[in-house]
Amino acid sequence: MATIQKDPILQVETTCGSLLYELQIIWDEVGETETDRDKMLLELERECLEVYRRKVDQANRCRAQLRQAIADAEAELATICSAMGERPVHIRQSDQSVGSLKQELGTILPELEEMQKRKIERRNQFVVVLEEIDSIANDIKGQGELVLSKPLIDETDLSMRKLEELHCQLQALQKEKSDRVEMIRKHLCTLYSHCSVLGMDFNEVVGQVNPTLSDPEGPRSLSDHTIEKLGAAVQKLREVKIQRMQRLQDLATTMLELWNLMDTPTEEQQEYQHITCNIAASEHEITEANSLSEDFIKYVEAEVVRLDAVKTSKMKELVLKKRSELEDICRKTHLLPVSDSAIDQTIAAIESGIVDATMVLEHLEQHISKIKEEALSRKEILERVEKWLSACDEESWLEEYNRDDNRYNAGRGAHLTLKRAEKARNLVNKLPGMVEALASK
């Protein structure tokens with residue numbers, strides 16, 4: 001009897017029966033007709049059916065919602081697993097009983113929440129990598145501005161394989177960025193060296209290439225355009241450096257020529273030793289600051305102009321000096337010297353500006369060199385001539401000595417005179433042979 005009372009359906013039937021019995025008593029007391037009673041019972045039955053129908057419909061909707069929630073959860077779980085490249089964590093077999101719908105939903109929801117959490121973590125990993133990729137790509141493209149929008153992520157592929165691909169792409173971009181940074185660093189070092197040597201403002205030159213390069217603290221442009229402009233600036237300054245180097249070396253050569261021409265003392269040359277020491281230097285060997293600046297080259301030009309002015313004033317003196325040197329060589333070598341009238345005419349032409357003194361000096365130098373070569377080829381003959389002339393002088397002295405009646409008187413130094421006379425006689429005896437040998441030469 002207790003079991004029957006615990007059954008909800010039997011309890012409802014008992015309650016309805018009691019209420020119907022009580023209603024019969026009321027109707028009997030009121031005196032309702034059978035027709036009214038049937039009518040009210042029919043209405044009561046219809047109302048009860050409507051209530052039952054609403055409850056059944058409500059239960060059906062609840063069951064459909066549970067089934068839909070289970071299906072949606074399973075579908076979302078399958079989608080997440082597929083996107084992450086993992087096997088589904090919840091697979092329901094068709095013949096497998098998992099209990100009620102609420103129990104099944106209660107089993108799926110924790111698994112779904114766990115996968116959703118893992119998906120968010122995986123997606124955040126993608127966001128970090130993609131943001132770094134976009135940032136480096138913008139640096140390389142020269143778009144250094146901050147990217148405000150989030151990177152686009154393919155929600156259908158959040159697998160580890162895809163994440164590894166993005167990591168590989170990021171590493172390649174990082175290496176490319178590192179290579180570009182190193183290339184720009186080398187260009188800037190070379191540019192700084194050129195600017196230092198040429199006496200130029202490094203920051204101004206770099207600012208013309210790209211303003212970001214002159215700020216050591218801020219981000220620098222790494223674009224192809226920036227690297228190309230930087231390389232072009234380096235090449236341009238290198239060409240300027242080579243031009244100025246050649247210009248300075250030409251000035252140094254002229255300076256050396258003028259020094260040699262005017263026999264400038266070594267002490268005066270020491271002041272410009274740092275210039276002439278680079279006369280044969282190559283482009284990469286000139287590294288001293290401001291050694292090719294415009295001011296320094298103007299300073300050297302001014303010295304060359306000064307030396308040239310001094311040279312002009314000393315040309316007459318130099319020509320006369322060279323003429324004296326030429327005459328001395330001709331006299332020693334028994335050659336005919338240049339006539340005085342020709343030299344005087346040349347000097348007059350130099351003073352009037354008709355003839356270039358440098359050309360005259362070069363001509364005299366060539367003439368002196370030629371005379372020296374000829375004297376060298378006649379060295380043996382000249383030595384024999386000197387000996388012959390010396391013997392002739394001794395012969396003349398011996399003749400005067402023989403005519404002296406007091407030559408045998410004893411006196412101070414007489415023994416030396418006798419000894420000389422003896423040598424002179426021996427030398428005079430050799431004169432015929434010396435003349436014959438000289439004639440044969």
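The chain folds into 15 helices and has zero strands. Keep in mind as you look around that this is a predicted model. Of its 441 residues, 27% count as buried. Among contacts between residues at least 6 apart in sequence, 75% join residues at least 24 apart. The chain exposes about 30,000 Å², and carbon and sulfur atoms supply 53% of that area.

**The annotated span**

A good place to start is residues 49-83, which an unreviewed UniProt entry annotates as a "coiled-coil region". In the model this span is 100% helix and 0% strand, and the C-alpha atoms at its two ends lie 50 Å apart.

**The nonpolar cores**

Next, turn to the interior. The largest nonpolar core holds 47 residues, and the members that touch the most other members are Ile 184, Leu 191, Leu 230, Met 255, Ile 275, Leu 292 and Val 300. Several helices give two or more residues to this core, including H5, H6, H7, H10 and H12. The most comes from H7, with 14 residues. Another core lies apart from this one; it has 24 residues, among them Ile 108, Met 115, Val 129 and Ile 133.

To see the packing around one member of the largest core, pick Val 300. Leaving out residues up to four places away in sequence, Val 300 touches Leu 248, Leu 251, Met 255 and Ile 275. Two of these partners, Met 255 and Ile 275, are named above with Val 300 among the core residues that touch the most other members.

**Two residues to click on**

Is Arg 122 buried or exposed? Arg 122 lies in helix H4, which spans residues 101-141. Its relative accessibility is 8%, so Arg 122 counts as buried, the cut-off being under 20%. Setting aside residues up to four places away in sequence, Arg 122 touches Met 84, Glu 86, Leu 158, Ser 159, Met 160 and Leu 163.

Asn 290 sits in the loop between helix H9 (273-276) and helix H10 (294-333). Its phi is near 60°, a positive value in a residue other than glycine. With a relative accessible area of 42%, Asn 290 is partly exposed.

Here are the two side by side:

| Residue | Location | Relative accessible area | Class |
|---|---|---|---|
| Arg 122 | helix H4 (residues 101-141) | 8% | buried |
| Asn 290 | loop between helix H9 (273-276) and helix H10 (294-333) | 42% | partly exposed |

Methods
Residues numbered from 1 in each chain as written. Predicted model: local features only at pLDDT ≥ 70, side-chain atom pairs only at ≥ 80, totals over all residues. Heavy atoms only, no water. UniProt positions renumbered as here; feature names shortened; annotations may be inferred. Helix = DSSP H or I, 4+ residues; strand = E, 2+ residues; numbered from the N terminus. Buried < 20%, exposed > 50% of the residue type's maximum accessible area, 1.4 Å probe, protein only. Contact = heavy atoms within 4.5 Å. Core = buried A, V, L, I, M, F, W, Y, C linked by side-chain atoms within 4.5 Å. Areas by Shrake-Rupley, 256 points an atom, 1.4 Å probe, with all protein chains shown as cover.
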